[in-house]
Amino acid sequence: MNEKSKNIAVCIVFAAVLFGGFFLCLYMPKSEYSNSERRSLAAMPKLTAKSVHSGRFMSDFEVYAADTFPFRDTFRTVKALTADGIFCRQDNNGIYVADGVISAMEYPLNEDSLNRASERFRYICEKYLTDENRVFLSVIPDKNCFLAQESGHLSIDYEDFEKRMADMADYAEYIRISDLLERGDYYNTDTHWRQEKIMDVAERLAQSMGTTLLDDYTIHTLEQDFYGVYYGQAALPLAPDTLQYVAGEAINGCSVYDWQNEREIPVYDMELAEGRDPYEMFLSGSLSLITIENPKAQTDKRLIIFRDSFASSLTPLLISGYSRITLVDIRYIHPDSLGRFMDFEGCDVLFLYSTLVLNNSDTIK
């Protein structure tokens, strides 16, 4: 083949790729949600004279084009494999893999964020609580705490993090649980801890708050594989997790009410276990306000937990120690609204939050 023929062939291939990609972008079905990344994808922006003149249309269109590019997940995987295998990057957009475990770098420590979280908790105490209420605080370390140092990734000083948070929250008794945890207590592909691994954590919290838990638990395993939120973010072909849940007499016999949607819900929602995020099976995921009643409780103790998603899997393990547990997520409900739904009189109060939320507390109302 002479030089002219080669140039013509290159031009033809280039034109085929260019126009083929254009028509794929134009006519391929567009998804509104990314199951792998657990987020809604950008919609096509409206074309108006105002949006074009301001430049907003093109900036929004750029985001839309990136979200709806043909074979996007395949290209994400190629990028991740290239970054790891060829360029030997330590992470891919803050996500890294160490010994088959996926984690996200949480760095640096944001003292202003810790202070904001502490002041929001203080506001709740001053607004609703009296000397009759006992107040506790516990910090859940994210799994970067147990992976970063060995794998050479950036990490906050978690001991310093706990100490700062405990010192700021001088209105609460601090319950340390980080010494009970290790990296095997967390899912390999997800942010959260494994429920079957944290019964010792529940026991320490219960003892510190002056109650006793039953130990008649059985562990059940779901048949389907569990691909956590980090799996989609990493875009790497890694092995899935197995999802297990803990059942017992108190758990099976309790009733749960979802105030946000005004409905009864199960402790473990098996339909959600087969959905986009199987971790949502635990108390139906991120709900603003739910109440758990234990009719067979041997005590009249009541507990209010201000929490994030980690508490969804922990709380069932505490049910046997209380007649009622109320879960409040002030990322979704403003504290000023709580008096309309809740009675704080005589209740113990636990602020239970992960370092991920405390270090990014702008999500708290």
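## Strand β5 and its neighbours

In this predicted model, strand β5 (residues 135–140) and strand β6 (residues 173–174) run parallel and are joined by two bridges. Within that pairing, Phe136 of β5 stands opposite Glu173 in β6. Strand β5 also pairs with strand β14 (residues 348–354), again in the parallel sense, and here the pairing extends over six bridges. One of the residues concerned is Ile140, whose bridge partner in β14 is Ser354.

Strand β5 is mostly covered, with six of its six residues buried. In a regular strand, side chains alternate between the two faces of the sheet. In β5, Val135, Leu137 and Val139 point one way, while Phe136, Ser138 and Ile140 point the other way, and all of them are buried.

## Nonpolar cores

The largest nonpolar core has 49 residues, and the members that touch the most others in this set are Trp193, Leu314 and Leu318. Among the elements that contribute to this core, helix α8 (residues 199–208) gives the most, with four residues. Leaving aside residues up to four places away in sequence, Leu318 touches Ala202, Ala206, Leu213, Leu303, Ile305 and Ile325.

A second core, separate from the largest, consists of 34 residues, and its members include Ile124, Leu137, Tyr171 and Cys347. Of these, Leu137 belongs to the group in β5 that also holds Val135 and Val139, pointing one way from the strand. In soluble globular proteins, nonpolar side chains tend to be buried together.

## Lys127 and Asp336

Lys127 lies in helix α5, which covers residues 111–128. The relative accessible area of Lys127 is 41%, so this residue is classed as partly exposed, because the class lies between the 20% limit for buried and the 50% limit for exposed residues. Although Lys127 and Asp336 are 209 residues apart in sequence, their C-alpha atoms are 8.6 Å apart in space.

## Cysteines

How many disulfides does a search of the whole structure find? The search finds zero. A disulfide is a covalent bond between the sulfur atoms of two cysteines.

The accessibility of individual cysteines can be set out alongside that result. Cys11 has a relative accessibility of 52% and therefore counts as exposed, the limit for that class being over 50%. Cys145, at 25% relative accessibility, counts as partly exposed. Cys347, for its part, is included in the second core of 34 residues.

Terms used
Residues are numbered from 1 along each chain as its sequence is written. This is a predicted model: local features need pLDDT of at least 70, side-chain atom pairs count only at pLDDT 80 or more; totals for chains, interfaces and linings use all residues. Side-chain values use heavy atoms; hydrogens and water are left out. A nonpolar core is a set of buried Ala, Val, Leu, Ile, Met, Phe, Trp, Tyr and Cys residues joined through side-chain atoms within 4.5 Å. Buried means under 20% relative accessible area, exposed over 50%, partly exposed in between (1.4 Å probe, protein chains only). Contact means heavy atoms within 4.5 Å. A disulfide is a pair of cysteine sulfur atoms within 2.5 Å. Two strands pair if DSSP finds at least two bridges between them.
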